[in-house]
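Good morning, and thank you for making time for this presentation. Please look at the sequence and the structure together as I speak.

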Amino acid sequence: MTQTSEDSVLLRLEHLGIVPVIVLDDVVHATDLADALESGGLPVAEVTLRTDAGLQTIRRLCDRGDMLVGAGTVLNAEQVDLVVEAGVSFVVSPGLSIEVVERCLHHNVAVIPGIATATELQAAVAAGLSHVKFFPAGKLGGRSMIETLAEPFPDVRFMPSGGVNAANVSDFLASPSIFAAGGSWMATKALIASQQFDEIARLAREASSLVRVASR
């Protein structure tokens, strides 16, 4: 089977293990943030569209050419078009929108929609997907719930997000059903706003080391 660009992106996400989920209020911090994540061994970011600075930040990070950049909180096909034009490699949504999935597939961009139930997971599989986000993981049973959902869908891989932190990420990543985990603890809005980029780099480095421990 020929590997597609979407497959390549998903493999890179699995290799990195942790995907920093970024909510940025001011694009002026984008470059320093990217430098901090990269120096910490996590050259990847899921930049959400929750703020007005989201799309600008995506463009700036994609223009660097040294990071794997995704768009988060993508809710409709129009937003898919915008983030694809900006250069993203993957798209993440909080829930399962077939409209979003189909537009991503049209653009040959990896898509990781959120699911919370077996019904949504079955719909994602019917749409041809093998990778989904489990959200909000912390409130929906965490790793044990993911592994329960995986039993009837053994070919699906999950990315927990929401409630993932430094204390539990290693446990999540130890599950063969989980290919990566999304979290914001290493680059919170408060850390970014106060320009604590050295601390972000340290936390990213710590997170990256947790991936290596989990993969042993």
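A network of salt bridges links D35, E38, R64 and D66; by salt bridge I mean a side-chain nitrogen of Lys or Arg within 4 Å of a carboxyl oxygen of Asp or Glu. This is a predicted model, in which local features need pLDDT of at least 70 and side-chain atom pairs count only at pLDDT 80 or more, while totals for chains, interfaces and linings use all residues. Residues are numbered from 1 along each chain as its sequence is written, and side-chain values use heavy atoms, with hydrogens and water left out.

Within that network, R64 forms a salt bridge with D35, and their closest N and O atoms are 2.9 Å apart. The pair links distant parts of the chain, with R64 in helix α3 (residues 54–64) and D35 in helix α2 (residues 30–39), 29 residues apart. Helices here are DSSP runs of H or I of at least four residues, strands are runs of E of at least two, and both are numbered from the N terminus. R64 is partly exposed, with a relative accessible area of 26%, and D35 is partly exposed as well, at 36%. For these terms, buried means under 20% relative accessible area, exposed means over 50%, and partly exposed lies in between, with a 1.4 Å probe and protein chains only.

The structure holds 11 salt bridges, and I turn to two that involve R143. The side chains of E147 and R143 meet in one, at 2.9 Å from N to O. Both residues lie in helix α7, four residues apart, about one turn of the helix. As a general point, an α-helix has 3.6 residues a turn, so residues three or four places apart point the same way. R143 also forms a salt bridge with D171, with the closest N and O atoms 3.0 Å apart. R143 lies in helix α7 and D171 in helix α8, so this pair ties together parts that are 28 residues apart in sequence.

Which residues of α7 are buried? They are G142, I146, L149 and A150. Seen down the axis of α7, these buried residues fall within an arc of 100°, so they line one face of the helix; the arc is that of the directions from the helix axis to the C-beta atoms. Their cover includes β5, α6, β6, β7 and α8.

Among these elements, strand β6 (residues 131–134) is covered on both faces, with H131 and K133 buried on one side and V132 and F134 buried on the other. Strands β5 (residues 110–115) and β6 pair in the parallel sense over two bridges, where pairing requires that DSSP finds at least two bridges between the strands. β6 and strand β7 (residues 157–160) also pair in the parallel sense, over four bridges. From β6 the chain crosses through helix α7 (residues 142–150) to β7, and this β-α-β crossover is right-handed: with the strands pointing away from the viewer, the path from the first strand over the helix to the second runs clockwise.

I close with S177, in the loop between α8 and β8. Is S177 buried or exposed? It is buried, with a relative accessible area of 14%. Not counting residues up to four places away in sequence, S177 touches I146, E147, A150, V156, R157 and F158, where contact means heavy atoms within 4.5 Å.
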